[in-house]
Amino acid sequence: MASRAPVATGRLMLGIRKWYYGMCGFNKLGLMRDDTIEEDSDVKQALSRLPENELNNRVFRIKRALDLNMKQQILPKDQWMKFEEDISYLSPYLNEVIRERKEIEEWTKK
């Protein structure tokens, strides 16, 4: 019985994550989770490292979301971003930029 608890907890957490993802609303505009990250210097550096087609896709999604928001509309349900399809395309680049920045800060302290 004790071995089943983590599995049940994992399924419960996945259900909660999917529910929260749907409640956030950005998926109804066709945005991915990484499209909603606030742009600071680290994010801008990570964006400059993205492949061109991925950056173009991001710009398209953001422009479409802004247009829909101005019209106070959402996409048809079949075009909503699904939880399973939402990949973290920016996070690997962002983690690398943050790691490099911290490494530089450590070197400048010495």
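# Helix contacts, salt bridges and exposure

User: In this predicted model, is Asn69 buried or exposed?

Analyst: Asn69 has a relative accessible area of 52%. A residue counts as exposed when this value is over 50%. By that cut-off, Asn69 is therefore exposed.

User: Where does Asn69 lie, and what distance separates the C-alpha atoms of Asn69 and Leu29?

Analyst: Asn69 belongs to helix α3, which covers residues 52-70. Along the chain, Asn69 and Leu29 are 40 residues apart. In space, their C-alpha atoms are separated by 7.9 Å.

User: How are the axes of helices α2 and α4 oriented to each other?

Analyst: Helix α2 spans residues 41-49 and helix α4 spans residues 91-109. Their axes come within 8 Å and cross at roughly 125°. This angle lies outside the ranges for roughly parallel, antiparallel and perpendicular axes. The two helices are therefore oblique.

User: What is the handedness of the crossing between α2 and α4?

Analyst: Two packed helices are described by the angle between their axes and the distance between the axes. For α2 and α4, the crossing also has a handedness. As α2 passes α4, the crossing is right-handed.

User: Which residues of α4 are met by residues of α2, and how many charged residues does the contact have?

Analyst: From α2, the residues taking part are Asp42, Val43, Gln45, Ala46 and Arg49. They meet Tyr93, Leu94, Glu96, Val97, Ile98, Glu100 and Arg101 of α4. By class, this contact has six nonpolar residues and one polar residue, and the number of charged residues is five.

User: Which residues does Asp42 contact, leaving aside its neighbours within four places in sequence?

Analyst: Asp42 is part of helix α2. Its relative accessibility is 11%, so Asp42 counts as buried. With the neighbours within four places set aside, the contacts of Asp42 are Leu94, Val97, Ile98 and Arg101.

User: Which residue forms a salt bridge with Glu96, and how far apart are the closest N and O atoms?

Analyst: The partner of Glu96 is Arg49. Glu96 lies in helix α4 and Arg49 in helix α2, so the pair ties together parts that are 47 residues apart in sequence. Glu96 is partly exposed at 33% relative accessible area, and Arg49 is partly exposed at 28%. The closest N and O atoms of Glu96 and Arg49 are 3.3 Å apart.

User: What C-alpha distance separates Glu96 and Ala46?

Analyst: Glu96 is found in helix α4. In sequence, Glu96 and Ala46 are 50 residues apart. From C-alpha to C-alpha, their distance in space is 8.0 Å.

User: How many salt bridges are found in the whole structure, and which residues are linked in a network?

Analyst: A search of the whole structure gives eleven salt bridges. A network of salt bridges links four named residues: Asp35, Glu39, Arg58 and Arg61.  The answer to the first part is thus restated as eleven, and the network is that of Asp35, Glu39, Arg58 and Arg61.

User: What parts of the chain does the salt bridge between Arg58 and Asp35 tie together, and how far apart are the closest N and O atoms?

Analyst: Arg58 lies in helix α3 and Asp35 in the loop between α1 (5-24) and α2, so the salt bridge ties together parts that are 23 residues apart in sequence. Arg58 counts as buried at 2% relative accessibility, and Asp35 counts as buried at 7%. The closest N and O atoms of this pair are 3.8 Å apart.

User: What is the N to O distance in the salt bridge of Arg61 and Asp35?

Analyst: This pair links distant parts of the chain, with Arg61 in helix α3 and Asp35 in the loop between α1 and α2, 26 residues apart. Both Arg61 and Asp35 are buried. Their side chains meet in a salt bridge with an N to O distance of 2.6 Å.

User: What is the phi of Gln72, and where is this residue found?

Analyst: Most residues other than glycine have a negative phi. Gln72 has a positive value, although it is a residue other than glycine. It is found in the loop between α3 and α4, where its relative accessibility of 76% makes it count as exposed. The phi of Gln72 is near 55°.

User: How far apart are the C-alpha atoms of Leu14 and Gln45?

Analyst: Leu14 is found in helix α1 and is partly exposed, with a relative accessible area of 36%. Leu14 and Gln45 are 31 residues apart along the chain. Their C-alpha atoms are separated by 31 Å.

How values were computed: Residues are numbered from 1 along each chain as its sequence is written. This is a predicted model: local features need pLDDT of at least 70, side-chain atom pairs count only at pLDDT 80 or more; totals for chains, interfaces and linings use all residues. Side-chain values use heavy atoms; hydrogens and water are left out. Axes are lines fitted to C-alpha atoms, for helices over the stretch in contact, and angles run from 0 to 180 degrees between N-to-C directions. Helices (H or I, at least four residues) and strands (E, at least two) are DSSP runs, numbered from the N terminus. Angles under 35 degrees count as roughly parallel, over 145 as roughly antiparallel, 65 to 115 as roughly perpendicular and the rest as oblique. A crossing is left-handed if the near helix is turned anticlockwise from the far one by less than a right angle, and right-handed if clockwise. Contact means heavy atoms within 4.5 Å. Ala, Val, Leu, Ile, Met, Phe, Trp, Tyr, Cys and Pro count as nonpolar, Asp, Glu, Lys and Arg as charged, and the others, Gly among them, as polar. Buried means under 20% relative accessible area, exposed over 50%, partly exposed in between (1.4 Å probe, protein chains only).
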